[in-house]
Amino acid sequence: MTAYLSSKLRQQIEQDAGHRCGYCLSDETLTGIPLSVEHLFPEALGGKTIHDNLWLACRPCNEYKGIQVQATDPKTGRKAPLFHPRQDRWHEHFDWSEDGCEIIGKTATGRATVVALRLNRNLLVKARKRWVLVGWHPPK
Ligand SMILES: [Zn+2]
C-alpha cells in the first residue's frame, strides 16, 4: 500500500529527522530499531509520498497516530491538531519532565499529541530512565 520511496528520498528524510522519531524523539541508534518513514498527512486520507509530507517515526508512535490529524486536548476537551514534525518546533509544544523521562505537553497540540500517541508509554519511560543514567537522554 505504501508508495515507492527512493533510497535518496529516504536518506534525505533521515537526515532531516536526525535519525529520531519526530514525536517521542527516540533515537534509532539507542533503540537499535530502524525508524519508519511516515506520512505526516496520512496516506489513507490522500497524503502524498513526497518530501514535504514525510518524516521519521518509531513504530508505536506511527501506529498510535494512525490516520489521526487531530486529537482531544485533555485540558480543554477540545480538538487540537497533532504535532507536525516538519512545521512545528518540538520545544514549543513539549518539555521533558525534570527527570527527563516523561514528555509534558505545553500547548493544546502538545497535550493532545502526548495522549493520542502515548508518548509516555510504560516501556519507553523505562528505557528513558536507563538512557538518563548513562547520559544519553534527554536529547539536547
Ligand atoms: Zn516515537
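The chain has a radius of gyration of 15 Å, which agrees with the value near 14 Å for a compact globule of 140 residues; the radius is taken over C-alpha atoms, and the globule rule is 2.2 Å times the number of residues to the power 0.38. This is a predicted model, in which local features need pLDDT of at least 70 and side-chain atom pairs count only at pLDDT 80 or more, while totals for chains, interfaces and linings use all residues. Residues are numbered from 1 along each chain as its sequence is written.

Six helices and six strands make up the fold's elements, in the order α-α-β-β-α-β-β-α-β-β-α-α. Helices (H or I, at least four residues) and strands (E, at least two) are DSSP runs, numbered from the N terminus.

A good place to start looking is strand 2. Strand 1 (residues 36-39) pairs with strand 2 in the antiparallel sense over four bridges, where pairing requires at least two DSSP bridges. Glu-38 stands opposite Trp-55 in strand 2. Trp-55 and Ala-57 point one way from this strand, Leu-54 and Leu-56 the other way, and all are buried, that is, 20 or more other C-beta atoms, placed from the backbone, lie within 10 Å of their own (12 or fewer: exposed; in between: partly exposed).

The largest nonpolar core (buried Ala, Val, Leu, Ile, Met, Phe, Trp, Tyr and Cys joined through C-beta atoms within 7 Å) holds 25 residues, of which Cys-21, Tyr-23, Cys-24, Ala-57 and Cys-61 touch the most other members. Strand 2 (54-57) and helix 5 (108-116) each give two or more residues to this core. Leaving aside residues up to four places away in sequence, Cys-61 touches Cys-21, Tyr-23, Cys-24 and Leu-117, with contact meaning C-beta atoms, placed from the backbone, within 7 Å.

Definitions and conventions: Contact = placed C-beta atoms within 7 Å.
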